[in-house]
Amino acid sequence: MLKRIGLVVTCSVLLLVTLYLITPSSILVSYMINAERSLSGLKVHKLKIDELDIEYLRGGSGTPLVLLHGFGADKDNWNRIANYLTAYFDVIAIDLPGFGNSTDNIELDYDLFSQVTRLSKTLDALNITEFNLAGSSMGGYIAGNFAAKYPSKVKNLWLISPFGVVDSEKSEMFLAIKNGYQPMVLPRNEAEFTQLVDFLFVEPPYIPSPIVSHLAKKAEQRLILNTKIYEQIHRMRNGEAHPDSPLDQVLKSYNGPVLVTWGQADRVLHVSGATKLKDTIPHAQVDIMAQVGHLPMIEAPKETASTFIAFALKQ
């Protein structure tokens, strides 16, 4: 009997391995992403606004929590953390224009102010008038500026390793750019994509090699558009970023509740940005996460979610 069970298990494993080897990477990626979405209670929705097609994920119940991804990412960056958030919030993770499955027309502009305006139209179309707003990296830059422009709409502002803190120390990435190296966030091939993954995390999540190849190919295909967006958001001059509306300036008079989450080991944006934001917004709560890189919501989703849940529920 035990031999028979062992044979069945062995055959099952061999079948899974065979399917893994022969299944196209695009199908594997789709399967894995859909599985993460399903586990977190998220479903795909689409919206038409002016000339734009907007795709977003939504699930859960409670006060809306709008999530904005970073540069080069998309709405699925929030799948893992959404598993802990949907019990408390109506979670809405948006593909910002230029990314994911939303409109990515190279002829459009993707600067900060264009994205803030589009976000406002998106939320109006969804009839969302009061909500929690969170953003990671570039998404945090957009979220902070949105909150500064529409403070009455934002119940709690959550900035996760946001770009746009000009008085912070230079990060490892920006020091490299200053010395003439290609920005790490613009991978041109599979080897550079793999380096990017290692650069973003202290403990990179496991990604099967066929899926790495698939994602790397997509990054290569989007290089021209990503380069345009990168330049419009960062406003690079002489190897340094000059954001249009720095967070440590635009949020000086912001009175709403703010949580700043930052990975202590962030190599993309220096963790000193958290201190600078605290100086700008004295009432802000700051959470520095030890042994975590640039994307806390992926690397430590449960801990990252728990901090925000506690923060939001006490307001």
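Contact here means heavy atoms within 4.5 Å. With that in mind, I shall present a predicted model, beginning with one residue, Tyr84.

Tyr84 belongs to helix 3, which spans residues 79-85. Leaving aside residues up to four places away in sequence, Tyr84 touches Pro301, Lys302, Ala305 and Ile309. Is Tyr84 buried or exposed, or does it fall in between? Its relative accessible area is 31%, and because buried requires under 20% and exposed over 50%, Tyr84 is classed as partly exposed. As for Asn34, it stands 50 residues from Tyr84 along the chain, and the C-alpha atoms of the two are separated by 17 Å.

I turn next to the strands. Strand 1, residues 43-49, and strand 2, residues 52-60, run antiparallel and are joined by 7 bridges. Within this pairing, His45 has Tyr56 of strand 2 as its bridge partner. The two strands form a hairpin with 2 residues between them. In that turn, Asp50 has a positive phi of about 55°. Strand 2 also pairs with strand 4, residues 89-94, again in the antiparallel sense, over 5 bridges. Here the bridge partner of Leu57 is Ala93, in strand 4.

Now to the interior. Which residues touch the most other members of the largest nonpolar core? They are Leu85, Leu157 and Phe308, in a core of 87 residues. Helix 5, residues 138-149, supplies the largest share of this core, namely 6 residues. The surroundings of Leu157 can be listed in full, not counting residues up to four places away in sequence: Leu133, Ala143, Gly144, Ala147, Leu251, Tyr254, Pro257, Val258 and Leu259.

Helix 11 covers residues 272-280, and its buried residues are Ser272, Gly273, Ala274, Leu277 and Thr280. What covers these buried residues? The covering elements include strand 6 (154-160), strand 9 (258-263) and strand 10 (285-289), together with helix 10 (247-250).

Finally, I come to the second largest pocket. Its volume is about 300 Å³. The lining of this pocket consists of 18 residues, and those nearest its centre are Val165, Val166, Ser168, Lys170 and Ala241. How many residues of the lining are nonpolar, polar and charged? The lining divides into 10 nonpolar, 5 polar and 3 charged residues.

To close, I return to two points. Tyr84 is partly exposed, whereas Leu85 is among the residues that touch the most other members of the largest nonpolar core. Strand 2 pairs with strand 1 and with strand 4, in both cases antiparallel.

Technical notes
Residues are numbered from 1 along each chain as its sequence is written. This is a predicted model: local features need pLDDT of at least 70, side-chain atom pairs count only at pLDDT 80 or more; totals for chains, interfaces and linings use all residues. Side-chain values use heavy atoms; hydrogens and water are left out. On a 1 Å grid over the protein atoms alone, a cavity is a set of points where a 1.4 Å probe fits but cannot get out, and a pocket is an open set with protein on both sides within 12 Å along at least five of seven lines; lining residues have an atom within 4 Å of a point. Grid points are joined across faces, edges and corners, and a volume is the space filled by probe spheres set on the points. Ala, Val, Leu, Ile, Met, Phe, Trp, Tyr, Cys and Pro count as nonpolar, Asp, Glu, Lys and Arg as charged, and the others, Gly among them, as polar. A nonpolar core is a set of buried Ala, Val, Leu, Ile, Met, Phe, Trp, Tyr and Cys residues joined through side-chain atoms within 4.5 Å. Buried means under 20% relative accessible area, exposed over 50%, partly exposed in between (1.4 Å probe, protein chains only). Helices (H or I, at least four residues) and strands (E, at least two) are DSSP runs, numbered from the N terminus. Two strands pair if DSSP finds at least two bridges between them.
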